[in-house]
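Let's take a walk through the strands of a protein chain and see who sits beside whom. Keep the 3D view open as you read.

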Amino acid sequence: MTVHSGGAPGYAARRTLPLRVEIVRQFKRRRTLVMFGLLLALPWILVIAFQLGPQNTGQQNALRLSDLATQSGLNFAAFALSVSASFLLVVAVALFCGDTVASEASWSSLRYLLAAPVPRDRLLRQKLVVALGYSAAAVICLPVMALVAGTLVFGWNDIQVPGTGETIPAFDVLPRFGIVIGYALVSQLTVAALAFLLSTVTDSPLGAVGGAVGLVIVSTILQAVEALGSLREFLPTFWNTAWMDALAPTLDWGGMTKGAAVSVSYAAILIAVAFRRFRRRDVVS
Amino acid sequence: MKRAAALVAALAVLAAAVWLVWPSAPAVRGQEQRIAVVDGPGDDQRVELDTTYFPPAGEGRAPAVLLAHGFGGSKDSVRAQAVRLARQGYAVLTWSARGFGRSTGQIALNSPDYEVKDVEQLIDWLAKRPEVRLDAAGDPRVGIAGGSYGGAIALMTAAHDARVDAIVPMITWSDLSEALFPNGVFKKMWAGLFFSRGAPAAGAEGLRALTAPPRPLSAEEARCGRFLPAVCEMYQRVAATGRPTPEAVEMLRASSPVTVAGRIKAPTLLIQGQRDSLFTLAQADANAKAIAAAGTPVEVMWFDGGHDGGNGEVDWLDERLLDWFDRHLRAAAGPGTAVVSPGTGTAGRGTTETGSAGTGTAGTGSAETGSVGTGSPGTVQGFTITRDGGRDPGTRQRIRLHPGTDRYPGLTGTAATPIQLAGPDQNVANPPGGNPASISAVPGIGGLLGGGGAQGGNPGVSLDMPGQSAVFESAPLAEPLQLTGTATVKIRVRAPGEATLFAKLYDVADAVTPPTLPAGLVTPVRVPAGAGEVTVTLPAVDHRFAAGHRLRLALTTTDMGYATPAEPAGYVVGLAAPTLTVPTVPELAAPPSGPVWWTWALPLAAVAVAALVLATGRRTAAPSGRSVKGDRTSPNAAGTNGTGTHGTGANTAGPNGAGPNGAGPNGAGPNGAGLNGAGANGAAAPGAGGAEVPLEIAGLTKAYRNGEKAVDGLSFRVEKGQVLGLLGPNGAGKTTTMRMMMGLIHPDAGQIRIFGDPVTPGAPVLSRLGSFVEGPGFLPHLSGRDNLTLYWQATGRPPQDAHMAEALEIAGLGSALERAVRTYSQGMRQRLAIAQAMLGLPDLLVLDEPTNGLDPPQIREMREVLKRYARDGRTVIVSSHLLAEVEQTCSHVVVMHRGRLVSAGPVSDLLDTARHNGHGPRLEDVFLDLIGDKS
């Protein structure tokens with residue numbers, strides 16, 4: 001390609017669409033605010049639900065996560081994460097990543113950004129970074145708020161492990177909790193990447209979000225088919241609950257390693273396809 | 001998307017096809033035979049054995065495997081396993097032992113005089129089969145496998161018949177008298193169940209057995225079932241008293257491998273269950289030591305199963321069994337020697353089996369680390385154990401780990417951890433009649449109660465009756481303790497006479513959770529009168545005591561499974577020494593086998609694929625170069641547009657000649673000759689006018705998906721200071737052309753240069769282009785001002801270059817500027833969009849139908865704005881289908897129709913031409929005329 005300095009004075013491709021600008025562009029959207037509001041309110045709704053529900057009076061030998069939720073703030077946060085990771089967080093991540101390019105296309109603002117010009121790769125990169133950032137914030141804010149709410153209401157006690165009922169000191173668990181959140185983030189990468197890919201090929205934000213959520217639903221259904229055997233290990237949702245290992249008395253990395261490997265692999269390919277398609281695409285929206 | 005759908009469909013069809021033609025496992029058909037054998041001490045008893053022979057799948061002579069069934073079963077109990085083995089290429093013979101199923105004869109408890117002789121004759125029979133591989137005439141290559149009763153016959157036959165080349169005895173006994181009378185205490189429930197399974201045949205099988213009327217039995221049948229009378233007598237005598245008689249011990253030991261194990265030369269894989277209160281791990285230990293003492297290769301496996309339940313691990317056992325036979329029957333060596341080259345299989349024994357998937361990593365079990373030849377007599381070589389591996393993170397199901405060592409550590413471990421127990425001497429009572437009795441493993445239903453899970457999951461139910469047990473407890477463990485083998489402790493008992501006690505070692509988690517009795521096992525202890533101190537060997541188990549848990553030694557006077565003295569008695573039980581010796585095998589500490597290979601391979605491969613996807617997807621910079629070449633040669637570019645359409649005159653004074661740049665290098669080109677239309681094309685040649693020409697389009701072509709051309713060989717150029725009208729009816733290709741100018745659409749052929757730079761997506765030169773195409777595009781939730789500010793920030797250019805005030809003035813939105821754009825009217829958005837296009841005062845402004853939606857005063861104002869804009873040396877391109885608009889605003893005009901250039905030149909020239917042709921002085925007429933020509 002002929003290298004012309006070509007541009008207007010002061011123009012440099014690497015300065016286009018700064019992250020700060022994209023963050024502001026996305027933040028003021030009602031969709032963003034509603035989603036964060038929901039994620040921050042959910043722990044309190046759960047708290048109220050636990051408070052209103054019939055109290056467990058008898059000392060029952062119950063070791064399910066939901067029975068342990070009121071034992072401590074940490075238990076409550078683990079419970080909140082377990083009930084929301086399989087769907088609510090998926091929707092949140094799919095929303096942030098699936099909407100980002102498609103909504104620009106539907107508003108027609110995409111073509112003006114591209115003609116600004118924001119180079120296509122850069123536009124995708126900046127949008128991906130910001131979308132992942134919002135997704136991460138969503139995944140983080142729920143358990144953190146649950147931890148705050150649970151600690152305020154149920155106290156700061158040692159965590160009780162579901163299944164065996166063993167207790168681990170609360171301060172030992174806190175770093176583990178970081179691992180849990182980190183893994184929850186990584187395990188959502190596939191959804192994020194698929195939503196992002198769909199976002200670059202469709203002009204309908206809902207289509208992109210729905211497509212990614214649909215994948216999760218199909219994968220969850222396939223996961224229940226025992227006949228698939230070890231093939232299921234490569235389903236994008238198969239390892240989604242592996243973060244529970246981080247709360248076991250002995251930390252087991254095996255499942256989380258596999259889950260992270262699968263998730264990262266899917267994400268890498270899907271994002272590469274997204275870039276490839278977007279580069280070659282004729283923007284007609 | 002269509003292509004993607006087609007690809008998915010193709011893949012689905014392919015997958016279905018593969019599924020259909022995938023070779024299914026070879027069909028295996030069993031051949032029912034009745035084989036007559038002769039046995040008995042005098043070789044005079046004729047018995048017919050009911051057998052099924054499964055010829056091997058595949059060609060040629062194959063090794064044979066005899067599959068024996070357990071007590072109470074028949075040849076049909078092992079049919080599934082036989083089919084699996086036959087599929088793997090073994091000739092498999094199953095049979096109902098004498099006294100079972102449809103075979104005749106009576107049960108003699110694997111006696112060398114009876115059952116062993118039967119099996120030897122089955123081996124003779126196998127030697128005559130044409131499919132069976134022979135080591136010598138009459139000596140087939142044969143292995144024997146079986147569980148429980150079948151395991152014992154494997155051991156007994158191997159001891160008596162040197163033709164046997166490998167055996168896999170499972171959950172079986174070494175010494176039947178010790179198994180039924182451990183330490184001399186009668187295991188009454190198990191013994192009763194064991195012998196009741198030799199009951200007379202019901203005559204019908206399956207469900208019919210329940211509905212068919214029972215066949216009348218003779219007195220002898222009712223008393224002894226199908227047992228040999230001698231065996232029956234013996235059982236009845238000992239069961240009545242609960243005391244072993246010397247004759248009984250002699251008879252039971254005659255049926256026990258321990259007496260003949262030294263003669264076994266066939267490599268032996270002993271598989272024993274960790275949940276087995278009938279044939280404990282100690283039985284396998286005795287067998288292993290006795291066989292290995294003779295120098296025969298032996299390996300030991302403890303799996304999650306046994307007579308009390310557990311998982312059973314069918315797949316894992318099958319895999320190991322097959323592996324054993326593959327090594328010792330398929331290898332080329334002669335009978336009995338079965339040398340395997342050392343170092344086969346480098347993978348360690350530590351393999352992980354995902355419970356759900358049942359994929360014991362195939363092949364890894366085959367690591368025989370010491371070569372068979374080198375093992376010195378007396379050492380048992382391999383040891384593999386099944387341990388709980390927690391839950392599978394994906395399925396949340398239990399997984400089992402299979403750590404192993406190269407050397408069987410026996411029951412005393414390779415290391416010992418002393419644990420201090422504490423507790424005073426305690427009074428315990430033996431209740432009269434031994435009732436109520438404490439409960440540990442309950443034969444037969446153990447699988448229902450405690451067999452569901454391994455350690456920690458579903459603890460074995462265990463109940464100690466009050467007043468009957470003495471309890472000694474350790475302090476909470478500082479760190480986890482993995483007991484592997486038999487713990488020992490010395491106790492002191494004061495009793496009026498002989499005392500019977502049952503020793504158990506509990507795992508106590510906390511004050512709330514009921515203590516766990518590992519595998520539900522107890523050891524009976526008979527303390528002779530006046531003995532005082534005895535060393536108690538606790539049951540052999542593999543159990544992990546978690547940190548913080550306590551070990552609790554309990555000594556009870558009763559156990560439901562055993563016969564206890566009926567006389568009431570009181571004892572005082574205390575610790576003779578406070579130390580409980582706990583054997584451990586640190587070598588087994590489950591090898592954290594490192595991450596599975598694909599956890600690093602998969603992401604690497606994915607990244608490689610991703611890189612490939614990106615690399616091949618990169619649009620080369622070629623379109624420019626390529627299309628330029630195409631233009632030069634294409635007749636289309638050369639002729640049609642310019643010269644072909646309308647003679648010459650009209651366009652002579654084309655922009656090239658007239659424009660301020662005309663004097664430039666362009667003038668020297670073919671353009672200078674006055675052929676304007678052609679000139680545009682010609683100028684495309686090297687675009688010599690380069691950086692000064694705001695817009696230059698050459699041979700531009702773009703086809704819709706359906707092949708219809710939206711823009712077809714379009715060529716024209718725009719000079720500085722012009723206000724160019726791009727005129728054409730709807731569908732003429734104006735908007736498509738403008739999109740290509742903005743780098744939004746990739747041209748199929750041809751090139752656009754802006755200020756000399758070819759337009760590609762994101763080309764920096766686009767920053768000198770302001771555009772408004774096909775309506776405004778704003779973020780509806782932001783205010784007009786925010787939209788413009790953020791847009792300018794997105795261009796990354798300095799804020800002072802924006803000339804925001806001027807742009808806002810053009811928009812003329814007033815206070816509405818602070819409202820969200822979604823509240824704007826169409827006209828307001830339109831003006832804001834034009835203001836956005838003018839941000840930074842671009843050198844080239846491209847507006848698509850800018851006056852749409854504006855009211856007349858605004859239209860007029862807009863005209864002035866555009867003219868003024870161009871007057872400052874900038875260039876404006878306005879597309880429109882409104883002729884009046886173009887006429888009043890533009891200095892030059894390019895007329896398009898159906899994607900092609902129809903005419904180009906100054907508006908005045910066009911009007912002149914029209915007048916010349918006899919039309920009125922209206923652009924409309926010219927336009928219609930031009931179009932009429934084409935259509």
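Please remember that this model is predicted. Start at strand β17 of chain B, residues 415-422, which pairs with β28(B), residues 579-584, in the antiparallel sense over six bridges. To find the match, look for B:Ile419, whose bridge partner in β28(B) is B:Leu580. β17(B) also pairs with β19(B), residues 469-474, again antiparallel, over two bridges. There, B:Leu421 stands opposite B:Ser474.

Now move to a sheet with 10 strands. Its order is β1-β2-β4-β3-β7-β8-β9-β10-β13-β16 in chain B; the sheet is open and its pairing is mixed. Why is one side of β1 (31-39) and of β16 (404-405) of chain B left without a neighbour in the sheet? Both stand at the edges with a single partner strand each, so there is no neighbour on the other side. Within this sheet, β9(B) (residues 268-273) and β10(B) (residues 298-303) run parallel, joined by six bridges. B:Leu269 faces B:Glu299 of β10(B) as its opposite number.

A helix joins the picture here. Helix α3 of chain B, residues 115-127, lies across β1, β2, β3, β4 and β7 of chain B, and runs at about 130° to β1(B).

Finally, find the open sheet of four strands in chain B, ordered β30-β29-β32-β33, where the pairing is antiparallel. Its edge strands, β30 (709-718) and β33 (757-758) of chain B, each pair on one side only. Further in, five bridges link β29(B), residues 695-703, to β32(B), residues 749-754. One pair to look for is B:Ala698 with its bridge partner B:Gln751 in β32(B).

Conventions:
Residues are numbered from 1 along each chain as its sequence is written. Chains are lettered from A and ligands numbered from 1 in the order in which they are written. This is a predicted model: local features need pLDDT of at least 70, side-chain atom pairs count only at pLDDT 80 or more; totals for chains, interfaces and linings use all residues. Two strands pair if DSSP finds at least two bridges between them. Two residues are in contact if their C-beta atoms, placed from the backbone, lie within 7 Å. Axes are lines fitted to C-alpha atoms, for helices over the stretch in contact, and angles run from 0 to 180 degrees between N-to-C directions.
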